[in-house]
Amino acid sequence: MEQIIIVFTLAYVLVALCFIAPPREFVSAGLTVQNILSSYLGSEDMDFVGYHLRRTTSTLLLHSFLPLGYYIGLGLVSPELRLFNPARGGGVANVLLLVCLGIALGGVICARYWSWNKWSNHPFVKLLLKHGTPWRAVASSVNIEFCRITKFSSIIGGTSLYITDSWIVKCSAYKVNIAHQPDVHLSIIHAEDHDISHESNVAVQFLNIRVSSITPGVKPFVIRLNSTDYGDLREKLQAPIRNARNVVIHQSLSDKFLEAFKEQVSQNEVYQLQEGEEEPEPCIGCMQHPANIKLQKMCALSGEGECVPCYCRPMWCIDCMGKWFASRQNQQEPERWLASTSPCPTCRAKFCMLDVCFITR
């Protein structure tokens, strides 16, 4: 009997932990709160705030019933314990039953309190009120910006991070942290280096960044980020990230390649704008920098090699062209990127790094 209890306990604890913090296998199988209750939760893209109000409440409620599920399961696999007969189950069984029922009841009361009066008691709503009233106006602003494809997003474990034009949002199992971008100070407080990642089987570095807001009542919180996403994060943030502890940040393959790409292009021949040619407009990739790149077959004589002439007018900046070039390469063979080719993002004419020329007049 003891062996059955031990095996069942270990198995239940393992499954419960996977349900609370689902690994990739559970996510793929759809064994998550978001998937199980998808019809009730609705669409995160259409109603971000409402979705997470329902998600956090449902998660708390379901997780609070896990101990009671253990009690019921143990009673089924070990009927000799008489767990379903409190009068004969013994003192330990009765205490266990009271604890399980108390946790479940606490979850029900908390979920009811959060959802009472149209969610006005939910911690997320109270946090939104710190940023303005009525809270639904603030929620509407968050929902609108979340729908934009320009937002930055990162998911590590069961925690999601979203950076929109005006907001920094961190979503965990039972809680949502939010801060207004213009009111925050960010600082790197710690870096975690792992020789191997359980997801990619390569070395990985995670950065812990503290987000401190000057808005009264908004407590600081910490976001966790893969260092390979650090460059994209900085581009989306309005405030600089302080690195007072001089944490050495590992560059991603794309960042290293972009540096090498720029260095090579700076050594290539330049393209001289001719009389009558229009001045380059803003880059159509980022719309932030002027188009300063022209593809001109320079690597070999006409008709030789894989590359072909490109007749597109200048439309891209060096950063966007470098990112495009990297995105078209075999991600499993980064050592071959510098010597590879890519199709033009506009006309699909094949070119190599030697064909990328800075524009001058």
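Select Asn-208 and Arg-224 to start: Arg-224, in strand E7, is the bridge partner of Asn-208. Strands here are DSSP runs of E with at least two residues, helices are runs of H or I with at least four residues, and both are numbered from the N terminus. The model is a predicted one, in which local features need pLDDT of at least 70 and side-chain atom pairs count only at pLDDT 80 or more, while totals for chains, interfaces and linings use all residues. Residues are numbered from 1 along each chain as its sequence is written, and side-chain values use heavy atoms, with hydrogens and water left out.

**The sheet**

Extend the selection to strand E6 (residues 204-213), which runs antiparallel to E7 and is joined to E7 by six bridges. Two strands count as paired if DSSP finds at least two bridges between them. Next add strand E5 (residues 184-194), which is antiparallel to E6, with ten bridges between them. To check this pairing, pick Val-184, whose bridge partner in E6 is Ser-213.

Then show E8, which pairs with E5 in the parallel sense over two bridges. Here Leu-186 has Ile-241 of E8 as its bridge partner. With the four strands displayed, the order reads E7-E6-E5-E8, an open sheet with mixed pairing. Its edge strands are E7 (221-226) and E8 (241-242), each pairing on one side only.

**The second largest pocket**

Move to Pro-123, Leu-127, Lys-175, Val-176 and Asn-177. The second largest pocket has a volume of about 300 Å³, and those five residues are the closest to its centre among the 17 that line it. Helix H9 (123-130) and strand E4 (176-180) are the elements that give two or more residues to this lining; H9 gives the most, with five. By class the lining holds ten nonpolar, three polar and four charged residues. The classes are nonpolar (Ala, Val, Leu, Ile, Met, Phe, Trp, Tyr, Cys and Pro), charged (Asp, Glu, Lys and Arg) and polar (the others, Gly among them).

A pocket is found on a 1 Å grid over the protein atoms alone, as an open set of points with protein on both sides within 12 Å along at least five of seven lines; a cavity is a set where a 1.4 Å probe fits but cannot get out, and lining residues have an atom within 4 Å of a point. Points are joined across faces, edges and corners, and the volume is the space filled by probe spheres set on them.

**Two backbone stops**

Select Thr-133 and Pro-134: the peptide bond between them is cis, with omega near -10°. Pro-134 sits in the loop between H9 and helix H10 (135-146). Now go to Trp-119 in helix H8 (residues 91-119). Its phi is near 70°, a positive value in a residue other than glycine. Most residues other than glycine have a negative phi, and most peptide bonds are trans.

**The cavity**

Searching the whole structure gives one cavity of 30 Å³ or more. The largest cavity has a volume of about 70 Å³. Select strand E10 (residues 293-295), which gives the most to its lining, with three residues. Other lining residues include Cys-310, Cys-312, Arg-313, Trp-316 and Cys-344. The lining divides into nine nonpolar, one polar and two charged residues.

**Last stop**

Finish with helix H6 (residues 66-77), which gives three residues, the most, to a nonpolar patch.
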